[in-house]
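Biologist: Mind walking me through this one? I'd like to start with the overall picture and then get into the helix packing.

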Amino acid sequence: MAQHPIKRYLPKSLLGRAILILLFPIIFIEIVVGIAFIQRHFEQVTNQMSEGIAFEIIYIQKETERGLTEKLSDDILLNKLSNLGEEFGFEVSFLKEKNFTRQTKIGLIDLSGKTFVKNLKEKLKRPSSFDLSDPRNVLIQVQFDQGVLEFKISRKRISASNPHQLLVLMLFVTILLVILSLIILKNQIRPIGKLAKAAEAFGKGQFIEFRPGGSDEVRRAGIAFMAMRARIERQIKQRTQMLSGVSHDLRTPLTRLKLALTLESKSDEVKEMLEDVNSMEAMLDEFLEFSKSNVNEKTQKTNIYEFVESIVNKNKKHFKNLVLEISKSLEKSFSMSIRTNGLKRAIQNIIDNSITYGKNISFKINKEKNNIIFEIEDDGIGIEEKDYEIAFHPFTRLDKSRNQNNHSGVGLGLSIANDVIRMHGGQLSLYKSTALGGLGVRIRLPI
């Protein structure tokens, strides 16, 4: 199923998603409340302030009309307007211009300015222009037949002072809430991370000390995990003890039987019986190997380049048609933590199968960003795709695809290899080799 486009931008961790769930409503509510409050605040305060300024401007406008009607001299009129302006707290002048010297200019986000201009235009009966481009002052011009009456008013007179205080307070409270929430969330999510780490390590065959903690649900999950881990460990121990005991008990009578047959005359019947005894000993060896496949081995830092070359060189002594291909992405100095003996046994089991059923073997190693990949291919008959999953089952032998008369094993090679790879947190898969035509085995290990 295709992933929703939005999901690729969402946080992947539980902590990130919890923070998103917490912050989204807080920020959304604060934005809505802030916009609504500020808009209403600016509108109401600006309306009240523009009412007073409008009365003052209208009063000066009437005095100007009276002075023009009485045909006062320019000096007397300007002196009178200047005195009125000083009383009201702004500058007033009369320009002998037929048209406005200033055009109306209002900023795009100047909410208080837009409200102020709208209110004054409704109250002033004459044509007027408003220049609010200067953040400190507002220039208002009123058209008369004899000229233009100009007012220079401080911007503080038309808008509320310090409107940013609310925004600063909202931002401070939001940051404080986020910090407190992060502390609480990290304390609640930490036990989940420890549980995931312990479960991942157990899947790789490692044991990490874990104590349930956190909320009641997380604590119950931790207790359930510990009980499950204990049951699995008991089952592994019982299986190992059972197979080891059976193999040990059978080895003694087989040894006596083999000794007795050796002392007998070398007839064909005795030779066949000795072959059967040897086959049974080989089976016991595989039983023991299978019983040890889950025994914990400490990981150690190993040079992969040298590790692979040692395996290939060992097998080339008795099988010449084994070709090693190491990708350039794998540096000669690259090392990673592995269970050296366990991984060597798993790869050797796969190579043994390939040697048994094929004449040519290809061994490829490639390093990706987060994984190292081993691919072992042969030119044998292979396994049908429908039987890939069955091939990993213990004691399974696929007679149709592999000739069991040529092999004395009991079908544990791939099962042992699969157990070891899983203990490393990796994955083992089968495929059809396109280069050689036989079976391909791919091992993917996380770096």
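Modeller: Sure. One cut-off before we start: a residue is buried if its relative accessible area is under 20%. Keep in mind too that this is a predicted model.

Biologist: With that cut-off, what percentage of the chain's residues is buried?

Modeller: The chain has 447 residues to count over. Its secondary structure comes to 10 helices and 11 strands. Across the chain, the buried share is 38%.

Biologist: Among contacts between residues at least 6 apart in sequence, how many join residues at least 24 apart?

Modeller: Contact here means heavy atoms within 4.5 Å. Taking pairs at least 6 apart in sequence, the share that joins residues at least 24 apart is 66%.

Biologist: Which helix gives the largest share of the largest nonpolar core?

Modeller: That core has 39 residues, and Ile-304, Ile-347, Phe-363, Ile-372, Phe-374, Leu-428 and Leu-430 have the most contacts inside it. The largest share is 6 residues, and they come from the helix spanning residues 304–316, H7.

Biologist: And how many residues are in the other core, the one with Ile-60 and Leu-124?

Modeller: That core lies apart from the largest one. Val-142 and Leu-149 are also among its members. Its total is 25 residues.

Biologist: Back to Phe-363: which residues of the 304–316 stretch, H7, does it touch?

Modeller: Leave out anything up to four places away in sequence, and Phe-363 still touches a list including Leu-322, Val-323, Leu-324, Ile-347, Ile-351, Phe-374 and Ile-376. Two glutamates, Glu-325 and Glu-375, are on that list as well. H7 covers residues 304–316, and the contacts of Phe-363 that fall there are Val-308 and Val-312.

Biologist: How are H7 and H8 oriented to each other?

Modeller: Their axes are 11 Å apart and the packing angle is about 40°. The crossing is right-handed. Angles under 35 degrees would count as roughly parallel, so at about 40° the pair is oblique.

Biologist: Which residues of H7 meet H8?

Modeller: On the H8 side, the contact includes Thr-340, Leu-343, Ile-347, Ile-351 and Ile-355. By class, the contact has 6 nonpolar, 4 polar and 2 charged residues. The H7 residues are Phe-307, Ser-310, Ile-311 and Asn-315.

Biologist: And how do H8 and H10 run relative to each other?

Modeller: H8 (residues 340–357) and H10 (residues 413–423) have axes 9 Å apart and pack at about 150°. This crossing is left-handed. Angles over 145 degrees count as roughly antiparallel, so that is what H8 and H10 are: roughly antiparallel.

Biologist: Which H10 residues meet H8?

Modeller: From H8, the partners are Gly-342, Leu-343, Arg-345, Ala-346, Asn-349, Ile-350 and Asn-353. The contact of H8 with H10 splits into 8 nonpolar, 4 polar and 1 charged residues. On the H10 side you'll find Gly-413, Leu-414, Ile-416, Ala-417, Val-420 and Ile-421.

Biologist: How many residues of H10 are buried?

Modeller: The buried ones include Ser-415, Asn-418, Asp-419 and Met-423. H10 is largely enclosed by the rest of the structure, because of its 11 residues the buried ones number 10.

Biologist: Last one: is Ile-208 buried or partly exposed?

Modeller: Ile-208 is in the loop between H4 (164–203) and H5 (216–263). Beyond four places in sequence, its contacts are Lys-197, Ala-201 and Arg-229. Its relative accessibility is 28%, so Ile-208 is partly exposed.

Notes
Residues are numbered from 1 along each chain as its sequence is written. This is a predicted model: local features need pLDDT of at least 70, side-chain atom pairs count only at pLDDT 80 or more; totals for chains, interfaces and linings use all residues. Side-chain values use heavy atoms; hydrogens and water are left out. Axes are lines fitted to C-alpha atoms, for helices over the stretch in contact, and angles run from 0 to 180 degrees between N-to-C directions. Helices (H or I, at least four residues) and strands (E, at least two) are DSSP runs, numbered from the N terminus. Angles under 35 degrees count as roughly parallel, over 145 as roughly antiparallel, 65 to 115 as roughly perpendicular and the rest as oblique. A crossing is left-handed if the near helix is turned anticlockwise from the far one by less than a right angle, and right-handed if clockwise. Ala, Val, Leu, Ile, Met, Phe, Trp, Tyr, Cys and Pro count as nonpolar, Asp, Glu, Lys and Arg as charged, and the others, Gly among them, as polar. A nonpolar core is a set of buried Ala, Val, Leu, Ile, Met, Phe, Trp, Tyr and Cys residues joined through side-chain atoms within 4.5 Å. Buried means under 20% relative accessible area, exposed over 50%, partly exposed in between (1.4 Å probe, protein chains only).
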